[in-house]
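Student: Got a minute to go through this one with me? I'd like to start with a loop.

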Amino acid sequence: MELEKAPRLTVVQPGQGREGNLGTIGVVFKFFGEDTNDQISIVEHPFPVGALVPPHSHTREDEYSIVIEGEIGFRSGDRQAVLGAGGYITKPRGELHTMWNAGKVPARMIEIISPAGFEHFFWGLADHFEAGPPDPEFIGKMAAEYGLQFGEPPWLPEIIARYGLTPPMR
């Protein structure tokens, strides 16, 4: 039996990691799949007040979120929760989900993605937003490449109204 090679030691100090803009929320890159034998990747997401992530589902990975500042709302399938700092939630692949800043102050969460790979979608999107206004065609092509599917669920307008959120781009 051949033992799998252990991942290299990767150290990310507080405040380190490339920061980017994903349109509605931010991203700070912490661990890439290349750091973890492609087992997981980790990013942080800052959520400004009023931020809403467009509803979407993943076909290839599961996500695990940990709120570290503020309050973040989550809807996955027919389940909904608002979590404060220290709260954890799973978002399984294949299930339409969204997240939003549920409070009156900026919020932040850690996102663990398994298996790794989807962090490269975030990297490409951050590059795209850095270059100028969003191009829906480019975003659609990237989403297809990474197995991401967007949706417009009937429950979204109620969440937008209740929390005073900025509606997602169409």
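Student: Is Asp-38 buried, partly exposed or exposed?

Tutor: Asp-38 counts as partly exposed, because its relative accessibility is 47%. Keep in mind that this is a predicted model.

Student: Where does Asp-38 sit?

Tutor: In the loop between strand 2 and strand 3. Its phi is near 60 degrees, which is a positive value in a residue other than glycine.

Student: And what about phi of Asn-37?

Tutor: Asn-37 has a positive phi too, about 55 degrees, although it is not a glycine. Asn-37 lies in the loop between strand 2 (26–31) and strand 3 (41–47). With a relative accessible area of 29%, Asn-37 is partly exposed.

Student: OK, zooming out. How many helices and strands does the protein chain have?

Tutor: Three helices and eleven strands. From the N terminus on, the order is β-β-β-β-β-β-β-β-β-β-α-α-β-α.

Student: What's the radius of gyration, and what would a compact globule have?

Tutor: The protein chain has 16 Å, and a compact globule with 170 residues would be near 15 Å, so the two agree. Along the principal axes, the C-alpha trace spans about 55 × 35 × 30 Å.

Student: What share of the residues is buried?

Tutor: Of the 170 residues in the protein chain, 45% are buried. As for contacts with a separation of 6 or more, 67% of them are between residues 24 or more positions apart.

Student: Switching to the helices. At what angle do helix 1 and helix 2 pack?

Tutor: About 170 degrees, with the axes of helix 1 (residues 119–131) and helix 2 (residues 136–145) 10 Å apart. That angle makes helix 1 roughly antiparallel to helix 2, because angles over 145 degrees count that way.

Student: Which residues meet there?

Tutor: Helix 1 brings His-120, Phe-121, Gly-124, Leu-125, His-128 and Phe-129, and these meet Phe-138, Ile-139, Met-142 and Ala-143 of helix 2. Sorted by class, the contact of helix 1 with helix 2 has seven nonpolar residues, three polar ones and no charged ones.

Student: Which peptide bond is cis?

Tutor: The one from Ser-114 to Pro-115 is cis, with omega near -5 degrees. Pro-115 is in the loop between strand 10 (107–114) and helix 1.

Student: Ser-114 rings a bell. What is Asp-62 in contact with, beyond its neighbours within four places in sequence?

Tutor: Ser-114 is on that list, along with Lys-91, Pro-92, Arg-93, Ile-112 and Ile-113. Asp-62 itself belongs to strand 5 (residues 62–69).

Student: Buried or exposed, that Asp-62?

Tutor: Buried, since its relative accessibility is 16% and the cut-off for buried is under 20%. A polar atom of the Asp-62 side chain lies 2.8 Å from the backbone nitrogen of Arg-93.

Student: Last one: where's Ile-159, and what does it touch?

Tutor: Ile-159 is in helix 3 (residues 156–163). Setting aside neighbours within four places in sequence, Ile-159 is in contact with Arg-75, Gln-80, Trp-100 and Leu-165. At 0% relative accessibility, Ile-159 counts as buried.

Student: And how far is Ile-159 from Gln-39?

Tutor: Their C-alpha atoms are separated by 33 Å, and Ile-159 and Gln-39 are 120 residues apart along the chain.

Notes
Residues numbered from 1 in each chain as written. Predicted model: local features only at pLDDT ≥ 70, side-chain atom pairs only at ≥ 80, totals over all residues. Heavy atoms only, no water. Axes fitted to C-alpha atoms, helices over the stretch in contact; angles between N-to-C directions. Helix = DSSP H or I, 4+ residues; strand = E, 2+ residues; numbered from the N terminus. Parallel < 35°, antiparallel > 145°, perpendicular 65-115°, else oblique. Contact = heavy atoms within 4.5 Å. Nonpolar A, V, L, I, M, F, W, Y, C, P; charged D, E, K, R; others polar. Buried < 20%, exposed > 50% of the residue type's maximum accessible area, 1.4 Å probe, protein only. Polar contact = N/O pair within 3.5 Å; in protein donor to acceptor, adjacent residues only side chain to side chain. Rg over C-alpha atoms; globule rule 2.2 N^0.38 Å.
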